[in-house]
Amino acid sequence: MRCPFCGHDDTQVKDSRPHEDGAAIRRRRICASCSQRFTTIERVQLRDLFVVKVDGRRVPFERDKLARSVRVALRKRPVDEERIERIVNGLVRQLEASGETDIPSRDIGKLVMDTLREVDVVAYIRFASVHWDFRETKDFAAILESIPGTLAQDGPAADGRTIRPALAGGYGPGDVKRR
């Protein structure tokens, strides 16, 4: 493994441990040249996956890009980092298990959205707004109408508060305050 600090090819493994519920191995390494320490994470890769973009281009699948997108959607939401890793690992396993090597980007997006909808509705809407390229407020309204208990519909929220759009900028008792 090449040292990320000095580029030297000779590094030594000092410690290896299971990572992400045994789906990966975390290795602590030290460079023989500059003595810097760094960590690597190794995962099993069943096959090389490619993403087929809307314009027909094939690009290599990047787990880190998927993880980054999920993290952005879940930013400042009550989902811990460990659960995000499990979500990403589950998504990658589903893609690998599909048996396909060329996966359309829209299929990956749908898989992510289906997963996020179960985890956190706000993250689902955030991801959908980018994936579907929302340009107007009516795009958000359409997706909100498809989700029970959102501002587009009157009704109880999960915590018992009444959810309804605020009128004239005011908030009544029990209304969800928008930030």
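Buried residues, meaning those under 20% relative accessible area (exposed is over 50%, partly exposed in between, with a 1.4 Å probe and protein chains only), make up 31% of the 179 residues in the chain. The model is a predicted one, in which local features need a pLDDT of at least 70 and side-chain atom pairs count only at pLDDT 80 or more, while totals for chains, interfaces and linings use all residues. Residues are numbered from 1 along each chain as its sequence is written, and side-chain values use heavy atoms, with hydrogens and water left out.

**Confidence and overall make-up**

The pLDDT, the predictor's confidence in each residue from 0 to 100, averages 82 over the chain, and 82% of the residues score at least 70. Residues 161-179 have a pLDDT below 50, and this stretch has 27 contacts in the model beyond near neighbours in sequence. A contact means heavy atoms within 4.5 Å. Where pLDDT is low, the predicted coordinates should not be read in detail.

The secondary structure comes to 5 helices and 8 strands. Helices (H or I, at least four residues) and strands (E, at least two) are DSSP runs, numbered from the N terminus. Along the sequence they follow the pattern β-β-β-β-β-α-α-β-α-α-α-β-β. Of the contacts with a separation of 6 or more, 38% are between residues 24 or more positions apart.

**The three-stranded sheet**

An open sheet of 3 strands runs in the order β5-β4-β6, with mixed pairing. Its edge strands, β5 (58-60) and β6 (102-104), each pair on one side only. Two strands pair if DSSP finds at least two bridges between them. Neighbouring strands of this sheet are turned by 35° against each other on average, direction ignored. Strand β4 (residues 50-52) pairs with β5 in the antiparallel sense over 3 bridges, and V51 stands opposite V59 in β5. Helix α3 (residues 105-119) packs on the sheet, where it touches β4 and β6, and its direction makes about 65° with that of β6.

**Helix α2 and its partners**

Helix α2 (residues 81-97) has 17 residues and reaches 24 Å from its first C-alpha to its last, close to the 24 Å expected at 1.5 Å a residue; the expected span is 1.5 Å times one less than the number of residues. The buried residues of α2 include I84, I87, L91 and L95. The buried residues of this helix pack against β3 (37-43), α1 (63-73), β6 and α3. After α2 comes G99, whose phi is positive, near 85°.

Helices α2 and α3 pack at an angle of about 145°, with their axes 11 Å apart. Axes are lines fitted to C-alpha atoms, for helices over the stretch in contact, and angles run from 0 to 180 degrees between N-to-C directions. On the α2 side R83, I87, L91, Q94 and L95 meet I108, L111, V112, T115 and V119 in α3.

**Two buried residues**

L74 is found in the loop between α1 and α2, and E85 in helix α2. L74 and D120 are 46 residues apart in sequence and 7.8 Å apart in space, C-alpha to C-alpha. The contacts listed below leave aside neighbours within four places in sequence.

| Residue | Relative accessible area | Contacts |
|---|---|---|
| L74 | 3% (buried) | V79, I84, I87, L116, V119, D120, A123 and R126 |
| E85 | 14% (buried) | E20, R43, R63 and R71 |
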